[in-house]
Amino acid sequence: MQLNRPRRSRSPLLALPLLTAVLAGCQNPATPAQPELTSAPVPSTVVGRVYELQLQRDGQGRLAAAAIRTAGGPLGFQYVSSGTLNKDGQWYVRVTYRVTNTSAQPVSNLGFVPIDTDEDSDPATVAASAPTVGATFFKDVQFFDRSDASARASALSPVHARDVNGAVDAAATPYQPVDTRGVTLDMPAGLVLGSGGMSAKGWQTSGTLAPGASTEVTFATQMPAVSGTQDPFSYSVVFTAVNSVDVPVGIVPAAGLNPRVDLPSAGPAYVNGTLGDPTDPAATLGLKFNVAASDIDAQELSINATSSNPAVATTELSGTGATRTLLIKPQQVGYADITVTVTDGSRSASYVVKYAASQAAGVTDSTRFFSGASNASSAQDVGGGYMLVADDEFNTLNLYPTGASSVALKKFDFTSKLNLTDAANPEMDLEASAWQGDRIYWLASHSNNKNGKLRTNRYRLFATDVSGTGEATNLSYVGRYDNLRSDLIAWDKANGSPLGLAASAAEGVIPEADGGVGFNIEGLAFQPGTTTAYLGFRAPLHLHGQRDCA
């Protein structure tokens, strides 16, 4: 995803995106303008105003908005950033505005709810703007060549914004259920609420927005990605502003209370447990959730948990206030969906945990199980019962507690500094590390892949400086060296090729070649009291009795 900031342009066709309101009773277009707070604002209702945001997917993350009627109301909108992402067969488009309350009244829990509009039945009425397509929340849907793409309107959906990896962006404005009962729409002339009605969800802020105060709101849409020319290129989403929205019942992971499991705010979460593990976080500490409702005390809410496969995992709940604890206890190897539901008797909200139970490896009392690690290859003790771990399947360096099963408590990712040019094969195949002073050196395998193909991302040796200890450990990037493999081969050749490294590292030779003739570095250690480091080779192997060169 590419995020853009507004920039100056000489052409009005490239003007900054504007959010415009469709105002009831307006008959003539007016020039869009941002409200100024130089004098006391005039009281005006926020509820029910209808707005239109025109989005344009151009592959560069820019959005454009066309003015239909001036905003001129109790909300001001200032463009902040935007982005477009094509990921996993979907187009994700997002735009963030700074929304200012320009009325004289505070606005609580400001939300923006998509609506469907139709033309009214009076032929004498001239509609202030075109209605949305069918029962959708979208209008003016066009292909890149500006031809009509209305047939694809039903493929568009308002959603919670995604981040650059395609995951739900926890920092963006949540798109969640809202209660719009009692909202009276201030519809544009000639339009009525359509058969699609008001969405059951909206982009929902929280708290009170005082007069003159601002908050950032991220609007987002999603649609299937067929091809650049067959997908809608520009379209408008129509929505209404709602204040004092009743967010009926909610359940979210308790911030800061789940350090050894990874629970995203919106779910689902992916959690694993191991049979017989006395430090299994889900079975011993439990998963902590905050529950709330807008109109009753949290202690009046009921909560229950169900397992789709009790033979694999059972559940226990505790707590009576705003924070509740869920224990998940593995019974046998397998998978189960754990659904936690909070209710006030008529309204409810749920959170889903995708759970996996594993068989223990080793002695359960002394073996620990670290989530997010596939093939841990090297570790460094950083004191206080914590360690840094490298993995040959991932490029991140992870901080784990040594005495308890856990997810990584911190992740250090320096890939942006390592010039990993082989994007199709990103892994470095980290295999070894060595500590000297306050610096740790991390070494990749420098090998071919399992099919004997050259993998240049593996030709990396890089260093990080360590600050802090234990749970407070931090790493800072120092630098890298990319020529160790070629240096070793050149050294061997210059000395008559006693190790045959050029042949071992040649394309087509796999690291595990029969006879130990491959090329693969898996060890690194400093000679005590010196700056001399020794490499440990998995291959090539030098036969016993002939080890006079290595």
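This report walks through selected strands, cores and residues of one structure. The model is predicted.

**The nonpolar cores**

Start with the inside. In soluble globular proteins, nonpolar side chains tend to be buried together. Here the largest nonpolar core holds 31 residues. Leu53, Leu75, Tyr97, Val99, Phe112, Phe219 and Tyr235 have the most contacts inside this core. Six strands each give at least two residues to this core: S2 (50-56), S3 (75-87), S4 (90-101), S7 (138-142), S13 (214-224) and S14 (234-242). Strand S4 supplies the largest share, 5 residues. A separate core of 28 residues lies apart from it. Leu263, Leu301, Ala313 and Ala349 are among the members of that other core.

**The S27 to S30 sheet**

Strands of a sheet pair through backbone hydrogen bonds, either parallel or antiparallel. One open sheet here has 4 strands, in the order S27-S28-S29-S30. Its pairing is antiparallel. Strands S27 (430-436) and S30 (474-481) are the edges, and each pairs on one side only. On average, neighbouring strands of the sheet are turned by 25° against each other, with direction ignored. Strand S29 covers residues 461-467 and connects to S30 through 7 bridges. Within this pair, Ala463 sits opposite Gly479 of S30.

**Trp442, inside that sheet**

Trp442 belongs to strand S28, residues 439-444. Is Trp442 buried or exposed? Trp442 is buried, because its relative accessibility is 0%. Which residues does Trp442 touch, beyond its neighbours within four places in sequence? Its contacts are Gln380, Leu388, Ala390, Leu397, Ala432, Ser433, Arg460, Leu461, Phe462 and Thr464. With Thr464 there is also a polar contact between side chains, at 3.0 Å. Ala463 is 21 residues from Trp442 in sequence, yet their C-alpha atoms are 6.1 Å apart in space.

**Strand S25 and its partners**

Strand S25 spans residues 394-401. Of its 8 residues, 7 are buried, so S25 is largely enclosed by the rest of the structure. Strand S24, residues 386-391, runs antiparallel to S25, and 5 bridges join the two. A hairpin of 2 residues links S24 to S25. In this pair, Met387 stands opposite Tyr400 of S25. S25 also pairs with strand S26, residues 410-412, in the antiparallel sense over 3 bridges. There, Leu399 has Lys410 of S26 as its bridge partner.

The table gathers three of the strand pairs with their bridge counts.

| Strand pair | Direction | Bridges |
|---|---|---|
| S29 and S30 | antiparallel | 7 bridges |
| S24 and S25 | antiparallel | 5 bridges |
| S25 and S26 | antiparallel | 3 bridges |

**Thr341, in strand S21**

Now turn to another strand. Thr341 lies in S21, residues 334-343. Why does Thr341 count as buried? Its relative accessibility is 17%, and buried means under 20%. Setting aside neighbours within four places in sequence, Thr341 is in contact with Ser302, Ile303, Asn304, Ser348, Ala349 and Ser350. With Ser350, the side chains make a polar contact of 2.9 Å. Ala349, one of the residues touched by Thr341, is also a member of the core of 28 residues.

Note on methods:
Residues numbered from 1 in each chain as written. Predicted model: local features only at pLDDT ≥ 70, side-chain atom pairs only at ≥ 80, totals over all residues. Heavy atoms only, no water. Buried < 20%, exposed > 50% of the residue type's maximum accessible area, 1.4 Å probe, protein only. Contact = heavy atoms within 4.5 Å. Polar contact = N/O pair within 3.5 Å; in protein donor to acceptor, adjacent residues only side chain to side chain. Core = buried A, V, L, I, M, F, W, Y, C linked by side-chain atoms within 4.5 Å. Pairing = 2+ DSSP bridges. Axes fitted to C-alpha atoms, helices over the stretch in contact; angles between N-to-C directions.
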